[in-house]
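Welcome, and please load the model in your viewer. We will walk through it one selection at a time, so keep the sequence panel open too.

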Amino acid sequence: QVQLVESGGGLVQAGGSLRLSCVVSRRSLLNYAMGWFRQPPGQEREFVAFITRNGGTTHYADSVKGRFTISRDNAKNTAYLQMDSLKHEDTAVYSCAAKRTILTDNAPRTNSDRYDYWGQGTQVTVSS
């Protein structure tokens with residue numbers, strides 16, 4: 001069973017930055033594409049960003065494109081979400097998710113139903 005643990009959330013002023021981390025344990029991160037999702041207060045969970053197993057392909061929601069960057073360090077079994085120029089509307093619980101894929105599969109996974117494992121989430125609050 002794969003375990004995912006997020007960290008790095010917190011309270012930040014609008015225009016500020018945060019970096020979220022997602023540590024994967026009990027399995028190698030090498031076998032998984034990774035995604036970040038968020039759930040704003042009173043709303044449904046939405047896709048934020050995706051990265052393939054080898055990090056060669058990324059995909060972003062339009063709402064975060066140009067402000068957020070997804071990355072991964074397979075040697076550290078960790079995925080990251082760098083969030084810059086944060087806005088009040090970025091306030092949400094952010095969760096990472098893992099999807100087992102083959103190495104040549106570069107198709108973005110924007111649907112949360114496509115993922116195999118999830119972390120518990122970390123709260124990000126952006127004050128306006």
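Start by selecting R109: at 11% relative accessibility, this residue counts as buried (buried means under 20% relative accessible area, exposed over 50%, and partly exposed in between, with a 1.4 Å probe and protein chains only). Now add D105, which forms a salt bridge with R109, the closest N and O atoms being 2.7 Å apart. A salt bridge here is a side-chain nitrogen of Lys or Arg within 4 Å of a carboxyl oxygen of Asp or Glu.

Before the next stop, a word on what you are looking at. This is a predicted model, in which local features need pLDDT of at least 70 and side-chain atom pairs count only at pLDDT 80 or more, while totals for chains, interfaces and linings use all residues. Residues are numbered from 1 along each chain as its sequence is written, and side-chain values use heavy atoms, with hydrogens and water left out.

**Next selection: R38, E46, R67 and D90**

How many salt bridges does the structure hold? There are six, and two of them are worth a stop here. Show the side chains of R38 and E46, which meet in a salt bridge at 2.6 Å, N to O. R38 is buried at 5% relative accessibility, whereas E46, at 27%, counts as partly exposed.

Then move to R67 and D90, whose side chains meet in a salt bridge at 2.7 Å, N to O. R67 sits in the loop between β6 (58-60) and β7, and D90 in the loop between β8 (78-83) and β9 (92-100), so this pair ties together parts that are 23 residues apart in sequence. Strands like these are DSSP runs (E, at least two residues), numbered from the N terminus. Colour by accessibility if you like: R67 is buried, with a relative accessible area of 10%, and D90 is buried too, with 0%. Keep R38, E46, R67 and D90 on screen together, as salt bridges that share partners join them into one network.

**Next selection: the sheet**

Switch to a cartoon and find the open sheet of four strands, in the order β1-β3-β8-β7 with antiparallel pairing (two strands pair if DSSP finds at least two bridges between them). Why do β1 (3-7) and β7 (68-73) each have one side left without a neighbour in the sheet? Both stand at the edges with a single partner strand, so no strand flanks that other side.

Zoom in on β1, which pairs with β3 (residues 18-25) in the antiparallel sense over five bridges. Click Q3 to find its bridge partner in β3, S25. Turn on the side chains of β1 and watch them alternate: L4 and E6 point to one face and are buried, while Q3, V5 and S7 point to the other and are not. Opposite E6 in β3 stands C22, which leads to the last stop.

**Last selection: C22 and C96**

These two cysteines form a disulfide, with their sulfur atoms 2.0 Å apart (the cut-off for a disulfide is a pair of cysteine sulfur atoms within 2.5 Å). The structure holds one disulfide. C22 lies in strand β3 and C96 in strand β9, so the pair ties together parts that are 74 residues apart in sequence. Check the torsion about the S-S bond of C22 and C96: it is about 65°, so the disulfide is right-handed. Both C22 and C96 are buried.
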